[in-house]
Amino acid sequence: MDYPRHKIFISFHHLDEAYKIELEKLLGSDYAISRSVQLGDIDPNNNTEYIRQLIRDKNLRDSSVTVVLIGKNTWKRKHVDWEIYSSMRKTKYNPRSGVIGIILPTRDDYGQNKAFNKYSIPPRLADNLDNGFVKIYDWSTNPLFYQKIIHEAYERKDKIDPNLSRPMFGKNRSDDETRWYD
């Protein structure tokens, strides 16, 4: 099947940037236009609300699906949480995006047939698994697989209301934390 072209936003921990680059290559510009933040695009010394606004208005506004690359420490990152929240939120100026998570091969639970530890993925993704807004898959090198799941997320985005009740992260979680708790 030929899937329509989508504008995607890739959310990731900077330690997993090689997977972001690989995914962009796998999808190619014929299928996807990447709207992701590049390293160095945003000055980390800016205040929190300004950074959130930049990501939301510059990168997410023009995307239709957010792909969250889930490495070992992705769940700890405040920017990832903000990107997921902003992707799921529908406002007057920013439409809602579909959201999927991709378990990376660097994780111990990669390849476990969806038996991943939900407490070591971004909490906002976990909050939206049961309602079906978010789907999580293992990393693949098959571009047709990504085209299919990205389009399915796009189709789902306005059919299911996401759970946005969790407060946004105010700061990154510490390196010694191994999971989040309810």
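I began with Tyr137, which counts as buried because its relative accessibility is 12%, under the 20% cut-off for that class. I note here that this is a predicted model, and I read every entry below with that in mind.

**Aromatic pairs**

I then searched the whole structure for aromatic pairs and found 5 of them. One of the pairs I looked up joins Tyr137 and Phe145, whose ring centres lie 5.6 Å apart with the planes at 85°, so I entered this pair as edge-to-face. Phe145 also pairs with Tyr146, and because the planes of these two rings stand at 65°, with centres 5.5 Å apart, this pair is edge-to-face as well.

I checked how far the partners of Tyr137 and Tyr146 are covered, and Phe145, at 25% relative accessibility, counts as partly exposed, whereas Tyr146 is buried with a relative accessible area of 1%. Which residues make up the aromatic cluster? I listed Tyr19, Tyr137, Trp139, Phe145 and Tyr146, which together form one cluster.

**Charges over rings**

Next I looked up arginine side chains placed over aromatic rings. Arg166 lies over the face of Trp180, at a distance of 4.8 Å from the ring centre. Arg173 is placed over the face of Phe169, and here the distance from the ring centre is 3.7 Å.

**The second largest pocket**

I turned to the second largest pocket, for which I noted a volume of about 170 Å³. Its lining, sorted by class, has 6 charged, 3 polar and 1 nonpolar residues. Among the lining residues I wrote down Lys72, Lys76, Arg107, Asp108, Asp109 and Glu177, and I added Asn73, Ser120 and Thr178, together with Trp75, to complete the entry.

**Strand S1**

Is strand S1 enclosed by the rest of the structure or open? I found that 5 of the 6 residues in S1, which covers residues 6-11, are buried, and I therefore recorded the strand as largely enclosed by the rest of the structure. For its pairing, I saw that S1 runs in the parallel sense with strand S3, residues 65-70, over 4 bridges. As a position to find on the model, I marked Ile8, which stands opposite Val65 in S3.

Notes. Residues numbered from 1 in each chain as written. Predicted model: local features only at pLDDT ≥ 70, side-chain atom pairs only at ≥ 80, totals over all residues. Heavy atoms only, no water. Phe/Tyr/Trp six-rings, centres within 6.5 Å; stacked < 30°, edge-to-face > 60°. Buried < 20%, exposed > 50% of the residue type's maximum accessible area, 1.4 Å probe, protein only. Lys NZ or Arg CZ within 6 Å of the ring centre and 35° of its normal. 1 Å grid on protein atoms, 1.4 Å probe; cavity = no way out; pocket = protein on both sides within 12 Å on 5 of 7 lines; lining within 4 Å. Points joined across faces, edges and corners; volume = space filled by probe spheres on them. Nonpolar A, V, L, I, M, F, W, Y, C, P; charged D, E, K, R; others polar. Helix = DSSP H or I, 4+ residues; strand = E, 2+ residues; numbered from the N terminus. Pairing = 2+ DSSP bridges.
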